[in-house]
Amino acid sequence: MNRKVVYLTGFMASGKSTIGPILANTVGWNFFDLDKEIEKKENKKIRTIFEENGEKYFRKKETDVLKDLSCNKNLIVALGGGTLVSSENRGIIKESGLLIYLKCSPETAYNRLKHKRDRPILTPNDSENGDENNLRKKINELMQVRIQYYSLADYSFDTEGSNIGQTVDLIARLIQKI
Ligand code: S3P
């Protein structure tokens, strides 16, 4: 494969950070999680970066880390759910790798995210995601905007109809074929 990085995209909680390391292990590549790299570089949790520096700053760091990772070879990278919204990021990804979309429905995202507090884009005030209607509305709105970017992926995999092992197996075979 002449494109050297495989990027995993998809909505928050679609399985990017779970599938990524298992996939990397299966194909013998390294794995990087964009959010974790930003946290390491900034020495702060994503929520704290949003609170103290704002989303714009976070997005800038996201692009910086993406640029660094894109220069590597044989790498699986889990993107953040909002990484593809930036056209600069989309350009970097297109130039350097293969983009894989892990699909999940708004309902599944809701169920996986309703007790989480670590997604500041959904709960800016560190509140419990208690207001069911608000959270559903926010997820639907974000999904509607982002689907156009996720759909730009080279390949898509439905993560709901199959278990993690099956999804990893399919993607691993794809990587080995390309
Ligand atoms: C975000 C998704 C998060 C993280 C940040 C913003 C988003 O990543 O980058 O909280 O805008 O959708 P995950 O998709 O890994 O949760």
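**Exercise 1.** Which residue has a backbone N or O atom that lies 2.8 Å from an oxygen atom of the ligand?

*Solution.* The model is predicted. Look for a backbone atom rather than a side chain: the N or O atom at 2.8 Å from a ligand oxygen belongs to Gly 81. A polar contact requires a pair of N or O atoms within 3.5 Å. The Gly 81 pair, at 2.8 Å, is therefore a polar contact.

**Exercise 2.** Find side chains that place an N or O atom by a ligand oxygen, and state how much of the ligand is covered.

*Solution.* Start with Lys 16, whose side chain has an N or O atom 2.8 Å from an oxygen atom of the ligand. Next take Arg 146, where a polar side-chain atom is 2.6 Å from a ligand oxygen. For the cover, begin with the accessible area of the ligand on its own, 390 Å². The protein covers 96% of that area.

**Exercise 3.** Describe the residues around the ligand.

*Solution.* Count the shell: 13 residues surround the ligand. The closest include Asp 35, Arg 59 and Arg 119. Then sort the shell by class, which gives 5 nonpolar, 3 polar and 5 charged residues.

**Exercise 4.** Locate the ligand and describe the lining of that site.

*Solution.* The ligand sits in the largest pocket. This pocket holds about 630 Å³ of space. It is lined by 31 residues, and among those closest to its centre are Met 12, Ser 17 and Asp 118. Elements that give two or more residues to the lining include helix 1 (16-27) and helix 4 (55-70). By class, the lining has 10 nonpolar, 7 polar and 14 charged residues.

Methods: Residues are numbered from 1 along each chain as its sequence is written. This is a predicted model: local features need pLDDT of at least 70, side-chain atom pairs count only at pLDDT 80 or more; totals for chains, interfaces and linings use all residues. Side-chain values use heavy atoms; hydrogens and water are left out. A residue is near a molecule or strand if one of its heavy atoms lies within 4 Å of it. A polar contact is a pair of N or O atoms within 3.5 Å; within protein, one must be able to donate a hydrogen and the other to accept it, and residues adjacent in sequence count only if both atoms are side-chain atoms. Accessible areas come from the Shrake-Rupley method with a 1.4 Å probe; for residues, only the protein chains shown count as cover. On a 1 Å grid over the protein atoms alone, a cavity is a set of points where a 1.4 Å probe fits but cannot get out, and a pocket is an open set with protein on both sides within 12 Å along at least five of seven lines; lining residues have an atom within 4 Å of a point. A molecule sits in a cavity or pocket if more than half of its atoms lie within 2 Å of its grid points. Ala, Val, Leu, Ile, Met, Phe, Trp, Tyr, Cys and Pro count as nonpolar, Asp, Glu, Lys and Arg as charged, and the others, Gly among them, as polar. Grid points are joined across faces, edges and corners, and a volume is the space filled by probe spheres set on the points. Helices (H or I, at least four residues) and strands (E, at least two) are DSSP runs, numbered from the N terminus.
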